[in-house]
Amino acid sequence: MKRSELEHAIRAACDVSGDNEVIIFGSQAILGQFPFAHADLLMSAEADVMPKNHPEKVDEIDGCLGEMSQFHETHGFYVHGVDIACAKLPKGWQERWLRVQNQNTRYKTGYCIEAHDLAASKLAAFRPKDTQFVALLISEHLVNVEILKARIEETPIDENLKKRILRWIQKESQQ
C-alpha cells in the first residue's frame, strides 16, 4: 500500500461509516509517520481501521471495503473494519498518534498509530510476520530500541511474553 492509497482508505472508511475520523492501527499505520517507508514495510494490501466516533460501524466498513469486496477488486487494496480493542497497545498511545488529513482524504482525518506503539502492538501478537515487520523497523532505524523497550513495558500483556519480547528486541538490535 502507498500513502495515497492509505489516504483513499481513510476517505472511503469515513464515507461508509458516516464518521469524519478513523483510527488506523495495522501495519499500514506506518505510512502516517513515514510516507515513504521501505517497500518491504508496505507489502500489506489492507488497512485496519476503526471509526473513532462510531466504532459500531466496523462491520459496515468491512462489508463495503473489505477483502474480496468490489472496492478491493477495483483498487487492489482493502479496508478491514476492526475494533481497536483487538490490538494490544501501550499506555498513552492516543496521545502519540499521527494525523493524516489533506485534500486526498477530503479533509477527513485518519489517526495513525505512532511507530513505537505500532511495533509494540505487533510484538504483542508475536507472529512471524509481525516480528519480521518490527525487525525491519529496527534495521531501518524507524524505531529507537530503548523507546520500544519502554513501550513494551507499558503494554498490557503477560509478563512471560513481555520478557520474551524484550529478549527478542535486545537480540534483534545487535544484528
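Helices, such as the one that holds Lys162 in the last view, are DSSP runs of at least four residues, numbered from the N terminus, and the model in which they are shown here is a predicted one.

**Figure 1. The whole protein chain, with its eight helices and five strands.** Read along the sequence, these elements follow the pattern α-β-α-β-α-α-β-β-β-α-α-α-α. The radius of gyration of the protein chain is 16 Å, close to the 16 Å that the globule rule gives for 175 residues, so the chain is as compact as a globular protein of that length. Taken along the principal axes, the box filled by the C-alpha atoms is roughly 45 × 30 × 30 Å. Among the contacts between residues at least 6 apart in sequence, 70% join residues that are at least 24 apart. The accessible surface comes to about 8700 Å², and carbon and sulfur atoms account for 47% of it. The side chains include 21 positive and 26 negative ones, and the centres of these two sets lie 4 Å apart.

**Figure 2. The largest nonpolar core, a set of 59 residues.** Buried residues make up 54% of the 175 residues in the protein chain, and within the largest nonpolar core the residues with the most contacts are Ile113, Leu123, Leu148 and Ile169. When residues up to four places away in sequence are not counted, Leu148 touches His116, Ala119, Ala120, Leu123, Val134, Ile138, Val143 and Ile169, so that a close-up centred on Leu148 takes in two other members of that most-contacted group, Leu123 and Ile169.

**Figure 3. Val134 in helix H6.** Val134 has a relative accessibility of 0% and counts as buried, because the cut-off for a buried residue is under 20% relative accessible area. Residues up to four places away in sequence being left out, Val134 touches Ala119, Lys122, Leu123, Leu148 and Trp168. Of these neighbours, Leu123 is eleven residues from Val134 in sequence, and their C-alpha atoms are 7.4 Å apart in space.

**Figure 4. Arg106, in the loop between strand E4 and strand E5.** Strand E4 covers residues 98-100 and strand E5 covers residues 109-112, with Arg106 found in the loop between them. Although Arg106 is not a glycine, it has a positive phi of about 55°. The relative accessible area of Arg106 is 47%, and the residue is therefore partly exposed, since the term exposed is kept for values over 50%.

**Figure 5. His141, in the loop between helix H6 and helix H7.** Helix H6 spans residues 128-139 and helix H7 spans residues 145-153, and His141 lies in the loop that joins the two. His141, which is not a glycine either, has a positive phi of about 60°. With a relative accessibility of 69%, His141 counts as exposed.

**Figure 6. Lys162 in helix H8, which runs over residues 159-173.** At 7% relative accessibility, Lys162 counts as buried. Its neighbours within four places in sequence being set aside, Lys162 is in contact with Ile152, Glu153, Thr155 and Ile157. A second lysine, Lys149, is 13 residues away from Lys162 along the chain, and the C-alpha atoms of the two are separated by 9.5 Å.

How values were computed. Residues are numbered from 1 along each chain as its sequence is written. This is a predicted model: local features need pLDDT of at least 70, side-chain atom pairs count only at pLDDT 80 or more; totals for chains, interfaces and linings use all residues. Side-chain values use heavy atoms; hydrogens and water are left out. A nonpolar core is a set of buried Ala, Val, Leu, Ile, Met, Phe, Trp, Tyr and Cys residues joined through side-chain atoms within 4.5 Å. Buried means under 20% relative accessible area, exposed over 50%, partly exposed in between (1.4 Å probe, protein chains only). Contact means heavy atoms within 4.5 Å. The radius of gyration is taken over C-alpha atoms; the globule rule is 2.2 Å times the number of residues to the power 0.38. Accessible areas come from the Shrake-Rupley method with a 1.4 Å probe; for residues, only the protein chains shown count as cover. Lys and Arg count as positive and Asp and Glu as negative; His and the chain ends are not counted. The place of a charge is taken as NZ of Lys, CZ of Arg, CG of Asp or CD of Glu.
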